[in-house]
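Work through the exercises below with the model open. Try each task before reading its solution.

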Amino acid sequence: YLLTPTNLGYLGLGPIVSYDARRLISDGVLILDPNTSSDIPAKAFRVDEKLLTGYIQANINAELGAAQLTGNIGVQVVRTDQQSSGIAFRNGVQVDVTDGTKYTNWLPSLNLSARFPNDWVLRFAASKQLQRPRLDDLRSAISYGVQFIGPSGTPTYVGNGGNPKLRPYRADAVDFNIEKYFGGSGYVALQLFYKKIDDYILQWRAPFDFAAYPPPATAPLPTTTVGLLDAPTNVGGGKLYGAELAATLPFRTITPALDGFGFTGGLSYTKTRVRNPDGVVQSIPGYSKWVANGTLFFEKWGFNARGSVRHRSGFLGDFTGFGGSPTRRNALKETIVDGQIGYDFQEGSRLHGLSLYLQGQNLTDERFASVADPSRPSTVIDYQIYGRRFLAGFTWKF
């Protein structure tokens with residue numbers, strides 16, 4: 001049953017014993033006892049959403065001096081009816097519950113593009129936006145009971161778990177782009193963006209109406225069904241802003257001697273800040289402060305070759321924690337190198353329409369890692385080596 005020892009040298013621990021737990025169970029060496037804790041059935045929930053969407057839009061097409069102004073202005077209305085059903089735990093006893101809410105969002109937007117004869121383009125956009133919460137955040141599965149709170153010992157419903165009354169993230173967004181095109185082959189673009197975030201979702205204790213949940217067999221019961229729930233809650237506010245510079249440049253625009261060679265890529269800077277009701281500031285998961293990518297390519301006579309580099313700085317990421325529950329950790333920076341070569345058979349060839357290619361992904365075998373403390377890289381929690389990957393293939397057009 002022993003496997004090759006797992007090398008934890010990157011933690012300074014060396015190899016540790018590894019074994020095949022599945023074979024130990026299937027051969028009867030170990031006996032599998034099902035997990036009957038409340039954490040397991042609580043994951044068997046259902047979420048239903050009914051969305052009714054309508055919009056009105058006016059298109060814009062006009063002359064503005066030497067520029068051609070195009071775009072649209074409008075408003076979208078979204079009516080949401082959401083409901084979650086599952087198992088809740090009333091003082092540790094399982095009960096079937098169904099709960100939800102209804103709400104309406106109005107989302108106005110404006111999009112404008114000004115195209116100038118010298119191949120400059122200016123774009124502006126402003127809108128109200130929303131992003132729906134995670135489905136597991138909407139689960140009705142909670143644990144709850146009655147606690148006596150305050151100096152007078154007032155009986156109050158208190159629980160923790162999901163939040164079937166959760167609303168979407170909402171934001172007011174503004175974008176401004178400056179773009180310069182070089183014929184039909186290249187461009188340079190600068191994008192500036194800003195989002196003022198409302199109703200950001202954080203894990204928080206907030207008022208919650210337990211009317212849809214059976215009362216515990218506890219005396220005395222609260223005089224109101226409105227209690228407190230530790231769950232994903234719309235309590236945060238913050239901002240997200242930054243800039244991105246992108247370009248595609250065929251080198252023949254510099255000199256005909258470099259015809260076929262070129263570059264495409266971009267660099268972006270993003271800053272995120274979310275403040276909870278206590279004034280504590282944190283980053284939004286998934287966003288690196290710096291992200292860069294670049295590709296050098298050659299395409300001529302049917303041959304094509306390209307090498308690419310992608311880099312992102314460290315970021316706060318969502319991971320799968322104990323029992324499959326989501327948890328947030330700090331991921332370290334990473335740089336990925338890819339490459340590809342190929343050949344397209346040209347007109348006049350008996351194999352015209354056939355293209356061959358060979359790709360190499362993650363050529364430097366970059367690791368993915370998360371740490372408990374970003375200022376101390378040795379506090380490793382996750383460390384994954386997923387290897388280099390090579391692909392060969394073809395396409396046929398006819």
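**Exercise 1. Two hairpins**

Task: In the hairpin of β3 and β4, which residue takes a positive phi? Then find the residue with a positive phi in the hairpin of β4 and β5.

Solution.
- Step 1. Go to the hairpin of β3 and β4, which has two residues between the strands. Gly65 takes a positive phi there, near 65 degrees.
- Step 2. Move to the hairpin of β4 and β5, also with two residues between the strands. Here Asn91 takes the positive phi, near 55 degrees.
- Step 3. Note that Asn91 is not a glycine.
- Step 4. Check its surroundings. Asn91 is partly exposed, with a relative accessible area of 46%. (Buried means under 20% relative accessible area, exposed over 50%, partly exposed in between, with a 1.4 Å probe and protein chains only.)

The model is predicted: local features need pLDDT of at least 70, side-chain atom pairs count only at pLDDT 80 or more, and totals for chains, interfaces and linings use all residues. Residues are numbered from 1 along each chain as its sequence is written, and side-chain values use heavy atoms, leaving out hydrogens and water.

**Exercise 2. The partners of β4**

Task: Which strands pair with β4 (residues 67–90), and in what sense? Strands are DSSP runs of E with at least two residues, helices are runs of H or I with at least four, and both are numbered from the N terminus. Two strands pair if DSSP finds at least two bridges between them.

Solution.
- Step 1. Start with β3 (residues 46–64). It pairs with β4 in the antiparallel sense over 19 bridges. One bridge to locate: Asn61 has Thr70 of β4 as its partner.
- Step 2. Take β5 (residues 93–115). It pairs with β4 in the antiparallel sense too, over 23 bridges. Ser84 stands opposite Asp99 of β5.
- Step 3. Turn to β7 (residues 142–149). This pairing with β4 is parallel, over two bridges. Find Phe89 and its bridge partner in β7, Ser143.
- Step 4. Keep one rule in mind when you look at side chains. In a regular strand they alternate between the two faces of the sheet.

**Exercise 3. Another positive phi**

Task: Where does Asp365 lie, and is it buried, partly exposed or exposed?

Solution.
- Step 1. Locate the loop between β19 (354–361) and β20 (367–371). Asp365 lies there.
- Step 2. Read its backbone. Its phi is positive, about 55 degrees, although it is not a glycine.
- Step 3. Read its cover. Asp365 is partly exposed, at a relative accessible area of 25%.

**Exercise 4. Leu30**

Task: Which residues does Leu30 touch, not counting residues up to four places away in sequence?

Solution.
- Step 1. Find Leu30 in the loop between α1 (21–26) and β3.
- Step 2. List its contacts (heavy atoms within 4.5 Å). With that exclusion, Leu30 touches Leu24 and Ile25.
- Step 3. Add its exposure. Leu30 is partly exposed, with a relative accessible area of 41%.
- Step 4. Measure across to Asp119. The two are 89 residues apart in sequence and 71 Å apart in space, C-alpha to C-alpha.

**Exercise 5. The whole chain**

Task: What radius of gyration does the chain have, and what would a compact globule of 398 residues have?

Solution.
- Step 1. Apply the globule rule: 2.2 Å times the number of residues to the power 0.38, with the radius taken over C-alpha atoms. The globule would come near 21 Å, but the chain has 28 Å.
- Step 2. Look at the spans. Along its principal axes the C-alpha trace covers about 85 × 70 × 45 Å.
- Step 3. Count the elements. The chain has one helix and 22 strands.
- Step 4. Close with burial: 32% of the 398 residues count as buried.
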